[in-house]
Amino acid sequence: MVEIKVTVNGKQYTADVEPRVLLVQFIRDVIGLKGTHIGCQTGHCGACTVLLNGEPVKSCQILALQADGAEITTVEGLAEDGKLSIEQESFRDHHAAQCGFCTPGFLIMTHYLIKNHPKMTREEIREDLHGNYCMCTGYQQIVDAVEDAQRKYLEQQSAKKQSKF
Ligand code: FES
Ligand code: FES
């Protein structure tokens, strides 16, 4: 067993893990946050996507001990004070989920993309989401939701700038 320390959604955790335990297993089974889903376990579907030190990773492709000392954000970390995040609101408003299995991964990617590439075209959104699969929605509503989340994010940023003057 190896001791690791991680910060998940702002909360610190210390745990002993077997070296073979995957990050997604650690998040779900040790910490108990079940919002991050396990799909293919081969790095293709994106259901297990989380942010590791601010960068999206497929947590089925990383060992928990590789995340020692890291800051992790899971889908449970998006809402603040019980209020849905921009991404969650947009996915709800655009009916961008059906069974919902893929949704945590898409929400984490959307959270990352609107902050890091906030002027994406629809084509760029599709390209940037190429590592996340959805078996239900046909993607149209997902792209609509990401576009909407991006618009809200930019409006929020511009309101923040104006309030400084
Ligand atoms: S479960 Fe990790 S990419 Fe599919
Ligand atoms: S909503 Fe079912 S897999 Fe995406």
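Okay, let's start with Glu-18: this residue is partly exposed, with a relative accessible area of 34%. Its partner is Arg-20, and the two form a salt bridge with the closest N and O atoms 3.0 Å apart. Arg-20 itself is exposed, at 63% relative accessible area. Before I go on, remember that what you see above is a predicted model.

So, how many salt bridges does the structure hold? There are 10 of them. Let me show you a couple more. Arg-92 and Asp-93 meet through their side chains, at 2.9 Å from N to O. Arg-92 is partly exposed at 49%, and Asp-93 is partly exposed as well, at 41%.

Now go to helix 5, residues 140–163. Arg-151 and Glu-155 sit in this helix, four residues apart, which is about one turn. Why does that spacing matter? An α-helix has 3.6 residues a turn, so residues three or four places apart point the same way. The side chains of Arg-151 and Glu-155 do meet in a salt bridge, 3.0 Å from N to O. Arg-151 is partly exposed at 41%, and Glu-155 is partly exposed at 46%. Salt bridges with shared partners tie Arg-92, Asp-93, Asp-148, Arg-151, Lys-152 and Glu-155 into one network.

While we're on helix 5: its 24 residues reach 35 Å from the first C-alpha to the last, close to the 34 Å expected at 1.5 Å a residue. Its buried residues include Ile-142, Val-143, Ala-149 and Tyr-153. Among the things covering those buried residues are helix 2, helix 3 and helix 4.

That takes us to Glu-87, which is in helix 2, residues 86–93. Here's a charged residue that is buried but has no salt bridge. Which side chain of opposite charge is nearest to Glu-87? That would be Lys-115, 4.5 Å away. A salt bridge needs the nitrogen and the carboxyl oxygen within 4 Å, so Lys-115, at 4.5 Å from Glu-87, doesn't make the cut. Glu-87 does have polar contacts, though: its side chain meets the side chain of Ser-85 at 2.6 Å and that of His-111 at 3.1 Å. Setting aside residues up to four places away in sequence, Glu-87 also touches Leu-78, Leu-107 and Ala-149, among others.

Arg-28, over in helix 1, tells a similar story. Arg-28 is buried without a salt bridge, and the nearest side chain of opposite charge, Asp-29, is 4.7 Å away. Residues that Arg-28 touches beyond four places in sequence include Leu-33, Thr-36 and His-37. Helix 1 runs over residues 23–30, and Leu-23, Val-24, Phe-26 and Ile-27 are among its buried residues. Those buried residues pack against strand 1, strand 2, strand 3 and strand 5. Just after the helix, Gly-32 takes a positive phi of about 90°.

Last stop: Thr-42, in the loop between helix 1 and strand 3. Is Thr-42 buried or partly exposed? With 46% relative accessibility, Thr-42 counts as partly exposed. Its side chain makes a polar contact with the side chain of His-44, at 2.8 Å. Leaving aside neighbours within four places, Thr-42 is in contact with Cys-60 and Gln-61. Cys-60 is buried, at 6% relative accessibility, while Cys-40 is partly exposed at 29%. And the disulfide count? Zero.

Notes:
Residues numbered from 1 in each chain as written. Chains lettered and ligands numbered in written order. Predicted model: local features only at pLDDT ≥ 70, side-chain atom pairs only at ≥ 80, totals over all residues. Heavy atoms only, no water. Helix = DSSP H or I, 4+ residues; strand = E, 2+ residues; numbered from the N terminus. Buried < 20%, exposed > 50% of the residue type's maximum accessible area, 1.4 Å probe, protein only. Lys, Arg positive; Asp, Glu negative; His and termini not counted. Polar contact = N/O pair within 3.5 Å; in protein donor to acceptor, adjacent residues only side chain to side chain. Contact = heavy atoms within 4.5 Å. Disulfide = S-S within 2.5 Å. Expected span 1.5 Å × (residues − 1).
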